[in-house]
Amino acid sequence: MKSHWKTWLIVMLAVVFTMTFAFTVRADRADTLVTTGAIWAPPSNWNPLYFAPEPGTVGLAYEPLFHYNAIEGEYIPWLAAEEGAWIEDDVFHVELRAEPEWHDGQTLTAQDVVFTFELAEEYNLEYTYLWNYLEEVTALNDREVEFHFDTPNYQEWKQVLYEIPIIPEHIFSEIPEEDLQTISDLSEFAGQEVVGSGPYTYDDATPDRMIWQRVDNWWGNEVHGEPAPRFIEILVTDANHIVLGMVLQEQIDLSNNFLPGTPSIAENPGYNITTYYDGPPYHVPDNTAMLFFNTQEKGLDDADFRRAVSFAINPEEIVERAYEHTVEKADPTGLFGGWLDYRSEDAVDEYGFEYDPDTAVTKLEEAGYTDTTGDGWRNHPDGDDLSYQIEVPAGWSDWEDSVRIIAEQLRDIGLNVEPNFVDFSIYEDNMLTANFDMLINNFTTGKSGTPYTYWDGVASDQIYDEQATQGNYGRYENEELFEYIDLFNRMPDGEAAAYRVAEDIQEILLQDMPSVPLWYNGAWAVMSEVYWTNWPTEHNPTGFPLSWGGDWQLGTVQMLLELEPIE
Amino acid sequence: MGKYFGKKLIIYIITFFIAVTINWLAPRFIPGDPVTSLLAQYQGPAAGRQMLETRLRTLFGLEGSLIQQYINFWANLLRGDLGRSILQFPREVSEIVKNNIIYDIAVLLPAISLSWIVGNKIGAMAGENEKIDRYIMPLFYGFVSSPYFWFAIIVVFVFAHSLGWFPTARAYGAGVRPAFTLNFIIVFLRHWFLPFFTMFLVGLGQWSIGMRNMVIYEIESNYANYLRSLGARQKLIRNYAFRNGVLPQVTGLAIQLGQIVSGAITVQVVFDYPGLGRLMYQAVQQQDFFVLQGAFLSLILMVLAANFLIDIIYMFIDPRIRLSYSEEE
């Protein structure tokens, strides 16, 4: 008995060890692009009408009329043949390419475009709000579509063009209303999970990865080019440090996780790693990290107090200590990329802020926030104790470090501020229901084709429900500003009036400071040169290396078209 | 015999009922509402949101009072319906559990049984042989006193990062598909080895130390001395000592099972290795009630079943139990 088990164990260990050293497994790997950072839970939904479909559903499988290269700030006609045109003030005209086809071989026509939009008129979908100002969508013929508006929201429309994927009428018209948004895939109706028009389709999904397979006879091969990876494997990852380990073992081609230590691996040629910029900040900005104040709370409802805080925070210290220079501090307007076209120099000169604790102290003293009780902390002007917490999700280590630094800096000028780390679900709940003092967030400040989305995100007027899901989490109320933002939305680009309104918006935001733009969170991208090369970088700006959901049509598909396998 | 099982069965049924009830109750005390939190990503109009919320609550069985939900829960459970995952909506929990449990079995079964068998053998040897005792036991004390997660990190650091012999994480690498091919089996084994090894080593320490102390005690006991004075060979005495020493070890296995399974959670998290443990960890973090319930339920069933099995084994290895029940009949 004894010797039997021993032998068994020894043989088993020997086999495992021999195999380990005898083989190095690289088969099947060469034609696969492996990415991380996009999926955090087992993949389960490929319905473009669901509010959180798996990354790639839009962009890889279903395609919008346009792509938008977020780095270059340019629109790329995708299903559309050329740039769309406002042929009248309230009529937008799009001509489709002749080539687009659905994966099942049917032609993609203007009628599918009409169907996609009319579906949201008939049913309550995520983009139903468009029908607040959209009047009619008509197909002039198989290839031409006209959108007629009541009062066109020109700015928002720019985002719609690349955000809404066109869906096949012949399949989606079969799905009953109650399932339209919640059904996970099309197997029941079309015999396959996905019937899109894009370069990739559903191949497999297991609890730990999502696999997209190239559509070899994709209509765009002739027009846009053929993507090199046959498979795209998006790994579900739990933790950044695990991804870092896998990057060091050369298992991942594109990591879109925030990886501590990026500068040291990027600058060590031994690791075969590329980042977009050779040096700091290594990554392209993706969104602006904001400090939101709950403007319904005593003290935080005071613009003087909020402005004083903006002078007391030193983002440079956050950039250095929490991010090792992988981000850049934000402009006082919070704008970046293509939005900078609307940046107002005058507004910044007059009302801008920068780190200057002395100014912060002066402003606090002037506004009456002094230490009246002698306990070392400043009090409210009426003598009440003043203490706040800054909330971020527990485990988001970069944000945890950042609020520790912010709290330190505010405590240095006598404000009793503590960091507070809570579970993400609680953080989110608190944020949406304005149950916090201050918090860091960036959900509504992501890159886009128009600064309207940023302003709407930091000062949305959708703040009167129990949950504020559109941004402006501190429920800052300013009718005048809301009106300006709405007015900007209704102005086409290039009009002098649009610049004037943009300046007014920036002035109000800087004067009232409902939230402080702190730093630009990066589009974290660590690219490996082991299996693939010709990655987008500052020297080779061919696209955007980001596999997050909603980003594929913002330059990531362009990246796929340019990637080359390493022989 | 029948009475022995009857008694045990009733205890198991009561344990199951209480465990499942706590399991149902606990997630509902977590602050925050999972549907609201899921819908936080929804950007559409209020009417659409309302419709989605109603539909999701129905699909999740979250409508009605708590009592109603509890009754529905049992009704569904007895039909084998564990509900749908909130996070992996609309996937069914039973399917998710099934996909994960394979990995638990693959790692835990060999780790527990091998560490128990090998640990007991080495422990018995150490109890008798001073050299083994002196050189190996301190090492095992080290194993047993290290928490699983810490030990796992050390194992990753040494065998994956420094030596580069094994991959750091996951069940199989990128670009590989599960298939019955040599290639996949090798990849799978390479990934499987370190989580298995960690669980094995910690267990090994535990069982060998227990067995060592037992054997030392048994060998010095009266019956052993008596045997010795009768002139019995050392091997015979050793065998008796072992048989007596193994009894508490079997009981220990039953008691420790729950702890080993929870140790597996931390090992799975460190190695990013699939399994019920990691599934529960994710479900807690993301408030996925139903997955949490399903995973926990499976763990309860597994631990109870293993205990039951041990009860049966106990009857065979301890004649006293067998006799006391068969005499009553």
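Biologist: What makes up the secondary structure of chain B?

Modeller: In this predicted model, chain B has 13 helices and zero strands. Read along its sequence, the pattern is therefore α-α-α-α-α-α-α-α-α-α-α-α-α.

Biologist: What share of the residues of chain B counts as buried, and what does the word require?

Modeller: A residue is called buried when its relative accessible area is under 20%. Of the 329 residues of chain B, 51% count as buried. The area that chain B exposes is about 15500 Å², and carbon and sulfur atoms supply 68% of it.

Biologist: How far apart along the sequence are the residues that touch one another in chain B?

Modeller: Consider the contacts in chain B with a separation of 6 or more: residues 24 or more positions apart account for 73% of them. The C-alpha atoms of this chain fill a box of roughly 90 × 60 × 40 Å along the principal axes.

Biologist: Which elements does chain A contain, and why is it called as compact as a globular protein of its length?

Modeller: Chain A has 18 helices and 21 strands. Its radius of gyration is 26 Å, and the globule rule gives 24 Å for 567 residues; the two values are close, so chain A is as compact as a globular protein of that length. Along the principal axes, its C-alpha atoms fill a box of roughly 80 × 75 × 45 Å.

Biologist: What can be said of burial and of charge in chain A?

Modeller: Of its 567 residues, 59% count as buried. Chain A carries 24 positive and 106 negative charges, whose mean positions are 10 Å apart. In chain B, the mean positions of 26 positive and 19 negative charges are 6 Å apart.

Biologist: Why is Pro419(A) called neither buried nor exposed?

Modeller: The relative accessibility of Pro419(A) is 28%. Buried would require a value under 20% and exposed a value over 50%, so Pro419(A) counts as partly exposed. This residue lies in strand E16 (residues 416–422) of chain A.

Biologist: What makes Ile390(A) a contact of Pro419(A)?

Modeller: A contact needs heavy atoms within 4.5 Å. Leaving aside residues up to four places away in sequence, Pro419(A) touches Ile390(A), Val403(A), Arg404(A) and Ala407(A).

Biologist: Which residues of helix H14 in chain A are buried, and what do they pack against?

Modeller: Helix H14 spans residues 424–432, and its buried residues are Ser425(A), Tyr427(A), Glu428(A), Asn430(A), Met431(A) and Leu432(A). In chain A, they pack against strand E15 (387–393), helix H13 (397–412), E16 and strand E17 (438–441). They also pack against helix H2 (34–39) of chain B. After H14(A) comes Ala434(A), whose phi is positive, near 55 degrees.

Biologist: How do you know that chains A and B form an interface, and what gives its size?

Modeller: Contact is the first test: 59 residues of chain B are in contact with 65 residues of chain A. The size of an interface is often given as the accessible area lost when the parts come together. Here the two chains bury about 5700 Å² between them, with 60% of it on carbon and sulfur atoms.

Biologist: Which residues of chain B lose the most area to chain A?

Modeller: They are Arg170(B), Ala174(B) and Arg177(B), which together make up 11% of what the chain B side buries.

How values were computed: Residues are numbered from 1 along each chain as its sequence is written. Chains are lettered from A and ligands numbered from 1 in the order in which they are written. This is a predicted model: local features need pLDDT of at least 70, side-chain atom pairs count only at pLDDT 80 or more; totals for chains, interfaces and linings use all residues. Side-chain values use heavy atoms; hydrogens and water are left out. Helices (H or I, at least four residues) and strands (E, at least two) are DSSP runs, numbered from the N terminus. The radius of gyration is taken over C-alpha atoms; the globule rule is 2.2 Å times the number of residues to the power 0.38. Buried means under 20% relative accessible area, exposed over 50%, partly exposed in between (1.4 Å probe, protein chains only). Lys and Arg count as positive and Asp and Glu as negative; His and the chain ends are not counted. The place of a charge is taken as NZ of Lys, CZ of Arg, CG of Asp or CD of Glu. Buried area is the accessible area (1.4 Å probe) that two parts lose on being put together, summed over both. Accessible areas come from the Shrake-Rupley method with a 1.4 Å probe; for residues, only the protein chains shown count as cover.
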